[in-house]
Amino acid sequence: MKDKKTALNTLCVHAGELEDKQFKGAISPLYMSTSYAFEDVDVKRYPRNFNTPNQEALSRQIAALEHGEKALVFGSGMAAISTALMAFLHHGDHVVFQKALYGGTFNLVMEEFDKFGITYSFTQGPAPEDFEACIRENTKVLFLETPSNPLLSITDVEAVAGIARKHGLISMLDNTFASPVNQNPIVLGIDIVIHSATKYLGGHSDILAGAVVGSDAHIDKIFQLGKNLGGNLSDFTVWLLERSIKTLGLRVKAQNRNAKKLARFLEKHPDVSAVYYPGLKSHPDYALARKQMKGFGGMLSFELREGLDARLFMKELRLIKPSMSLAGVESTISSPMLTSHALLSEEDRKVQGISDELLRFSVGIEDKKDLVNDITRALDKVAARCADKV
């Protein structure tokens with residue numbers, strides 16, 4: 001179900017849904033079988049081939065939300081990223097990555113690509129000219145992530161997509177932080193969109209999944225590798241993810257509103273030295289974010305003023321949970337140095353601008369006043385404890 005007039009929440013609820021022809025249930029039935037008939041059937045179904053009924057339904061749902069022709073769902077965001085990249089990269093090829101990159105993607109590149117004879121470059125910054133400066137004769141892919149994890153830098157998607165087209169390259173974008181609610185890279189010219197569906201698509205901190213969206217031709221090529229690597233989802237998880245996406249629009253818009261309010265509060269707090277959120281007018285990429293995004297997202301990062309211990313602050317929080325992942329309906333906080341970017345060396349983190357005191361804040365759907373009170377109380381406690389030590 002998709003046409004130009006179909007609104008977001010309607011797509012979230014109805015796109016891709018399976019009809020319960022036997023009992024006429026209101027939701028998609030769950031087909032748990034791992035073995036299907038192979039004679040006298042139109043499709044020979046097998047879970048590793050991405051074509052069980054629930055896999056196909058979920059893929060249609062995600063493709064509709066991202067305005068793509070086709071999608072595939074994987075067992076994790078990293079399975080989606082690695083399969084998409086390796087489908088288009090071979091021995092002797094070169095790929096350009098933006099400087100600000102999720103730690104898991106960075107670690108994949110640094111630990112695995114040399115084994116396959118794939119060369120790579122990291123841009124000096126997020127500007128389109130930084131991407132173009134890295135292109136070589138053997139470059140095949142441009143890979144970007146915007147907003148970036150964890151500093152929320154913004155890359156000009158339309159401009160980088162244009163550079164890729166000019167040079168005959170495949171453009172890929174990790175859209176996890178934005179979600180399809182806030183940003184649709186395919187509409188802006190990107191070839192392939194990738195999600196850690198563990199995050200906003202799942203939204204309840206109980207699903208591990210990934211997704212790739214693109215044209216029929218591009219997804220077919222990723223499928224050819226994906227069926228050999230076998231990074232698929234169980235159909236129960238597929239069914240849970242389809243259920244979760246039904247509330248995606250409602251959840252993300254609530255998180256957008258909360259995050260903007262919390263970012264403004266933190267920016268004014270005397271115990272906070274820096275706030276990174278593209279919805280703040282003080283953010284260097286605010287104008288660009290406003291141009292290419294429909295909402296600024298539920299993610300922000302901040303640093304405490306000098307002398308305050310970020311770890312002590314997290315321990316003093318009562319409502320906001322120190323937790324490794326993000327994008328659930330509950331607010332969570334993490335230290336990128338200890339979690340998402342722990343695999344990077346201290347030097348590599350410094351190159352990306354990630355300090356040891358940086359905190360990444362995934363804003364949930366709780367009442368804004370309760371979140372503010374939790375942060376205020378924790379900051380007061382930490383400031384008092386640090387003052388006692390002086």
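This passage looks at a surface patch, a sheet and a buried residue in a predicted model. Residues are numbered from 1 along each chain as its sequence is written. Local features need pLDDT of at least 70, side-chain atom pairs count only at pLDDT 80 or more, and totals for chains, interfaces and linings use all residues, while side-chain values use heavy atoms, with hydrogens and water left out.

A good place to begin is the sheet. Five strands (DSSP runs of E, at least two residues, numbered from the N terminus) make up an open sheet with mixed pairing, in the order S8-S9-S12-S11-S10. Strands S8 (272-276) and S10 (321-322) are its edges, each pairing on one side only; two strands pair if DSSP finds at least two bridges between them. Within the sheet, S9 (residues 299-304) and S12 (residues 358-362) run antiparallel and are joined by five bridges. Leucine 300 has phenylalanine 361 of S12 as its bridge partner.

Turning to the helices (DSSP runs of H or I, at least four residues), asparagine 54 lies in helix H2 (residues 53-65). Is this residue buried or exposed? Asparagine 54 is buried because its relative accessible area is 2%, where buried means under 20%, exposed over 50% and partly exposed in between (1.4 Å probe, protein chains only). Between asparagine 54 and phenylalanine 236, 182 residues apart in sequence, the C-alpha to C-alpha distance is 8.6 Å.

Lysine 369, by contrast, belongs to helix H14 and counts as exposed because its relative accessibility is 62%.
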